[in-house]
Amino acid sequence: MTRFDKFFGLKAITLTAALSMTAGLAFAGDNVSANQILDALKPKPATRGLSVGPQADPTAQAKEATFLNTVRNRSTRSLSMGEREQIAELAATKPKIDLEIQFDYNSADIAKTSVPSVQALGKALSDPSLKGSTFVVAGHTDAIGGEEYNQGLSERRADTIKKYLMQNYGLNGTDLVTVGYGKSKLKDTANGADPINRRVQVVNMEAKTTASK
């Protein structure tokens, strides 16, 4: 990670994103709006009964809720590898969005040019339509550098986003679960140094359930 940083100066990360079971959406950091983030993070309504559409599974939802409760208010560093993997597995089918965010060199401080992107995220997560949802903020790095260093950096950057959202938008820390994956989950496995790998993933973990009519 150090060699790449010396060349480019800033750490670019991405909030990885794809709507659940749809193609991903990617936006440049300065162009994304709160409405675009909101639309991407809104879950498709689950249905009950015989209507067409995704079917709500109360048992699975209960298990997910129980697990999420065990990681709320936990230090990012305290999560075990097993817990990190379980979060990743649950997040795989949830709504997500890609944002480009930059951090200062070798730092977890948000670059001034990327503050508008984080502000847009804060506005979106504050929207009443997402009230009651739990969001996972997951940090990732590229493949350059040691595993231990990258793991710690990914955790610090996830924590920075969470802190910013709490301090500036009054979001409840209980509803923001942070996790770091270091370089263990590259987005582009063929090009480990590619900036696309340095990202923070934000996932809406709780889908809304509506009864079919």
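A residue counts as exposed when its relative accessible area is over 50%, and as buried when that value is under 20%. In this predicted model, Asn-73 has a relative accessibility of 59%, so Asn-73 counts as exposed.

Asn-73 sits in the loop between helix 3 and helix 4. Its phi is near 60 degrees, a positive value in a residue other than glycine. Most residues other than glycine have a negative phi. In the chain, Asn-73 follows helix 3.

**Helix 3**

Helix 3 covers residues 58-71, 14 residues in total. From its first C-alpha to its last, helix 3 reaches 20 Å, close to the 20 Å expected at 1.5 Å a residue. Four of its residues are named as buried: Glu-64, Phe-67, Leu-68 and Val-71. These residues lie on the same side of helix 3, because they cover an arc of only 100 degrees around the axis. An α-helix has 3.6 residues a turn, so residues three or four places apart point the same way. Pro-58, Thr-59 and Thr-66 are exposed on the other side of helix 3. The cover over the buried residues of helix 3 includes helix 4 and strand 5 (176-180).

**Cavity and pocket**

The count of cavities of 30 Å³ or more is 1. The lining of the largest cavity includes Val-71 and Asn-73, and Val-71 is also one of the buried residues of helix 3. Arg-72, Arg-74, Leu-79, Lys-162, Leu-176, Val-177 and Thr-178 line the cavity as well. Strand 5 gives the largest share of this lining, 3 residues.

Which residues line the second largest pocket? They are Met-81, Arg-84, Glu-85, Glu-147, Gln-151, Gly-180, Tyr-181, Gly-182, Lys-183 and Ser-184. Two elements, helix 4 (81-91) and helix 6 (147-169), each give two or more residues to the lining of this pocket. The largest share, 3 residues, comes from helix 4.

The table lists volumes and lining make-up for the two spaces.

| Space | Volume | Nonpolar | Polar | Charged |
|---|---|---|---|---|
| Largest cavity | about 40 Å³ | 4 residues | 2 residues | 3 residues |
| Second largest pocket | about 180 Å³ | 2 residues | 4 residues | 4 residues |

Helix 4 thus appears in two places: it is part of what covers the buried residues of helix 3, and it contributes to the lining of the second largest pocket. Strand 5 is likewise part of that cover and contributes to the lining of the largest cavity.

Note on methods
Residues numbered from 1 in each chain as written. Predicted model: local features only at pLDDT ≥ 70, side-chain atom pairs only at ≥ 80, totals over all residues. Heavy atoms only, no water. 1 Å grid on protein atoms, 1.4 Å probe; cavity = no way out; pocket = protein on both sides within 12 Å on 5 of 7 lines; lining within 4 Å. Points joined across faces, edges and corners; volume = space filled by probe spheres on them. Nonpolar A, V, L, I, M, F, W, Y, C, P; charged D, E, K, R; others polar. Expected span 1.5 Å × (residues − 1). Buried < 20%, exposed > 50% of the residue type's maximum accessible area, 1.4 Å probe, protein only. Arc of directions from axis to C-beta. Contact = heavy atoms within 4.5 Å.
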